[in-house]
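Here is a friendly walk through one protein chain, written for someone who likes to know the cut-offs behind each statement. Have the viewer open as you read.

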Amino acid sequence: MQASTPPYNGFQKNMKLEVADPRIVDIMCVATVVGILGPRIRCRFDGTDSANDVWHLVDSKQIHPVGWCEGNGGRLQPPVGKV
């Protein structure tokens, strides 16, 4: 059931996050917030173009602050083209 009041959106453009890769289960990628629309954020995986952007609700379990993987045993994929 959807809440009648949307969650607070404290995200800002250019903010870095760790975001679940929709193509690979259990992999998180570094991403940048490139758009904000109400309770949604548009994330671009670092090293990719807009074709791979994903939208998430701000309270999604698929987005985490930088450092989340390190503190929670997650697998963080480096940005495309970086080793």
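The side chain of Thr32 makes a polar contact of 2.7 Å with the side chain of Asp46. A polar contact here is a pair of N or O atoms within 3.5 Å; within protein, one atom must be able to donate a hydrogen and the other to accept it, and residues adjacent in sequence count only if both atoms are side-chain atoms. Thr32 also has a polar contact with the side chain of Lys16, at 2.9 Å between the two side chains.

This is a predicted model, in which local features need pLDDT of at least 70 and side-chain atom pairs count only at pLDDT 80 or more, while totals for chains, interfaces and linings use all residues. Residues are numbered from 1 along each chain as its sequence is written, and side-chain values use heavy atoms, with hydrogens and water left out.

**Around Thr32**

Thr32 sits in strand S2; helices (H or I, at least four residues) and strands (E, at least two) are DSSP runs, numbered from the N terminus. Is Thr32 buried or exposed? Its relative accessibility is 12%, so Thr32 counts as buried. The scale is this: buried means under 20% relative accessible area, exposed over 50%, and partly exposed in between, with a 1.4 Å probe and protein chains only. Setting aside residues up to four places away in sequence, Thr32 touches Asn14, Met15, Lys16, Arg42, Cys43, Arg44 and Asp46, where contact means heavy atoms within 4.5 Å.

**Strand S1 and its partners**

S2 (residues 27-37) runs antiparallel to S1, and five bridges join them. Two strands pair if DSSP finds at least two bridges between them. S1 also pairs with strand S5 (residues 63-65), again in the antiparallel sense, over three bridges. Val19 shows both pairings: its bridge partner in S2 is Cys29, and in S5 the partner is Ile63. Four of the five residues of S1 are buried, so this strand is largely enclosed by the rest of the structure.

The hairpin of S1 and S2 has six residues between the strands, and there Asp26 takes a positive phi near 70°. Asn14 likewise has a positive phi, of about 75°, although it is not a glycine. For background, most residues other than glycine have a negative phi.

**The segment before S1**

Asn9, Gln12 and Asn14 can be compared for their accessibility.

| Residue | Location | Relative accessibility and class |
|---|---|---|
| Asn9 | segment before strand S1 (16-20) | 18%, buried |
| Gln12 | segment before S1 | 53%, exposed |
| Asn14 | segment before S1 | 61%, exposed |

A polar atom of the Asn9 side chain lies 3.0 Å from the backbone nitrogen of Phe11. Leaving aside neighbours within four places in sequence, Asn9 is in contact with Ile36, Gly38, Pro39, Arg40, Ile41 and Val58. With the same neighbours left aside, Gln12 is in contact with Val33 and Ile36. The C-alpha atoms of Gln12 and Gly74 are 24 Å apart, for residues separated by 62 places along the chain.

**The cysteines**

How many disulfides are there? The count is zero, taking a disulfide as a pair of cysteine sulfur atoms within 2.5 Å. Cys29 is in no disulfide, and the nearest cysteine sulfur, that of Cys69, is 9.0 Å away. For Cys43, the closest cysteine sulfur is in Cys29, and the 11 Å between them is too far for a bond. Both Cys29, at 8% relative accessibility, and Cys43, at 0%, count as buried.

**The chain as a whole**

The chain holds one helix and six strands, in the order β-β-β-β-β-α-β along the sequence. Its radius of gyration is 13 Å, close to the 12 Å that the globule rule gives for 83 residues, so the chain is as compact as a globular protein of that length. That radius is taken over C-alpha atoms, and the rule is 2.2 Å times the number of residues to the power 0.38. Along the principal axes, the C-alpha atoms fill a box of roughly 45 × 25 × 20 Å.

Of the 83 residues, 33% count as buried. Among contacts between residues at least 6 apart in sequence, 44% join residues at least 24 apart. The chain exposes about 5700 Å², of which carbon and sulfur atoms supply 54%; accessible areas come from the Shrake-Rupley method with a 1.4 Å probe, and for residues only the protein chains shown count as cover.
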